[in-house]
Amino acid sequence: ELKSVIQSVPEIVEIVGSSRADQVLQITENDGEKKLKEVFKSLFTDLISVSNSVISEIIPKLIRRLNSKREKLTEKEELVLRLERQYPGDIGVIAAFLFNYVKLNPGEALYLGANEPHAYIHGECIECMATSDNVVRAGLTPKHRDVQTLCSMLTYKQGFPEILNGVPSNPYTVKYIPPFDEFEVDRCNLPEEASTIFPAVNGPSVFVVTSGEGTMGVASSKELVREGDVLFAPANSEITVETISGLNLYRAGVNSRFLEDSDTSKTY
């Protein structure tokens, strides 16, 4: 895929230089993952670090070429044109060629490990994030960009991200469990005049109501909830949800796999 980008996007070669481009083209399967990451890091760093004066020349040239193409544009090329309209003169427009372009259908999810860059392009989603002490930006933003820090911290892991479809917990609820301990997410869609129970777990939870109206709470206390409400549930609390006009909500809590491991360690 990297070789294809180098061969089909001459503007990137113009920015990083032919010798850097040749490093990508000469990579083989025998070079191993470490060498591939080194080459990818060098390519990305050279691209994202280019001066504003160069970018101001290259991006218009890229846009003219794409607009003049007689054959059908690829999805990535159409995306680049849309990004340029939103963020004219931003290096992230060209850097998008080095990213996966992921389209999620309703009910699908993906997870990102630490130090992996991403950008939300269009649509609505629920994002759950572990505690972090920084957000480092490099493109597609009017905010401060810390390019040097970003380039030094990225994993340069390659491959298409895994798409999670979730595991049904009951007829109304689907659970998404990423491969790290900090959190998991439940998606609950309740029809009109229906009810469900979130069993007590050994950890706190946060609920976000995205649409509808209903009641939520423990046996001794119920709260009327509607779109936009956020509720906190302490550990070991069984939460009952009942709808009035249908209800869509999400629960974020500590990853159940982590809680199970903690219980096991306590037993020993």
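## Close-up views of a predicted model

**View A. The helical insertion, end to end.** In this predicted model, the span of residues 17-98 is 71% helix and 0% strand, and its end C-alpha atoms sit 16 Å apart. This is the stretch where UniProt, in an unreviewed entry, places the feature "domain: Phosphomannose isomerase type I helical insertion".

**View B. Helix 6 and its packing partners.** Here we look at helix 6, which covers residues 75-86. Its twelve residues reach 17 Å from the first C-alpha to the last, close to the 16 Å expected at 1.5 Å a residue. Which residues of helix 6 are buried? They are K76, E77, L79, V80, L81, L83 and E84. These buried residues pack against two elements, helix 5 (52-68) and helix 7 (92-95).

**View C. A salt bridge within helix 4.** K37 and E33 are both found in helix 4 (residues 32-48), four residues apart, about one turn of the helix. As a reminder, an α-helix has 3.6 residues a turn, so residues three or four places apart point the same way. The side chains of K37 and E33 meet in a salt bridge, with 3.5 Å from N to O. As for accessibility, K37 is partly exposed, at a relative accessible area of 27%, while E33 counts as exposed at 55%.

**View D. The pair K69 and E71.** A salt bridge joins E71 and K69, and their closest N and O atoms are 3.9 Å apart. That value falls within the 4 Å cut-off for a salt bridge. K69 is partly exposed, with a relative accessible area of 23%.

**View E. Where domain 1 meets domain 2.** The protein is divided into domain 1 (1-153) and domain 2 (166-262). Eight residues from domain 1 and eleven residues from domain 2 take part in the contact. Taken over C-alpha atoms, the centres of the two domains are separated by 36 Å. Between them, domain 1 and domain 2 bury about 760 Å², and 83% of that area is on carbon and sulfur atoms. Which three residues supply most on the domain 1 side? Y111, I126 and C128 provide 59% of the area that domain 1 buries against domain 2, more than any other three residues. How many salt bridges does the rule find across this interface? The count there is zero, whereas a search of the whole structure finds twelve.

**View F. The annotated C-terminal stretch.** UniProt lists residues 176-216 as "domain: Phosphomannose isomerase type I C-terminal", again from an unreviewed entry. Over residues 176-216 the chain is 0% helix and 59% strand. The end C-alpha atoms of this span are 21 Å apart.

**View G. A buried salt bridge between two strands.** E184 and R251 form a salt bridge, and their closest N and O atoms are 2.8 Å apart. E184 lies in strand 5 (residues 184-190) and R251 in strand 10 (residues 239-253), so the pair ties together parts that are 67 residues apart in sequence. Are these two residues buried or exposed? Both E184 and R251 are buried. If you widen the view, a network of salt bridges appears, linking K175, E184, D186 and R251.

Terms used: Residues are numbered from 1 along each chain as its sequence is written. This is a predicted model: local features need pLDDT of at least 70, side-chain atom pairs count only at pLDDT 80 or more; totals for chains, interfaces and linings use all residues. Side-chain values use heavy atoms; hydrogens and water are left out. UniProt positions are given in the numbering used here, feature names are shortened, and annotations may be inferred rather than shown by experiment. The expected span of a helix is 1.5 Å times one less than its number of residues. Buried means under 20% relative accessible area, exposed over 50%, partly exposed in between (1.4 Å probe, protein chains only). Contact means heavy atoms within 4.5 Å. Domain bounds come from an automatic or database domain assignment. Buried area is the accessible area (1.4 Å probe) that two parts lose on being put together, summed over both.
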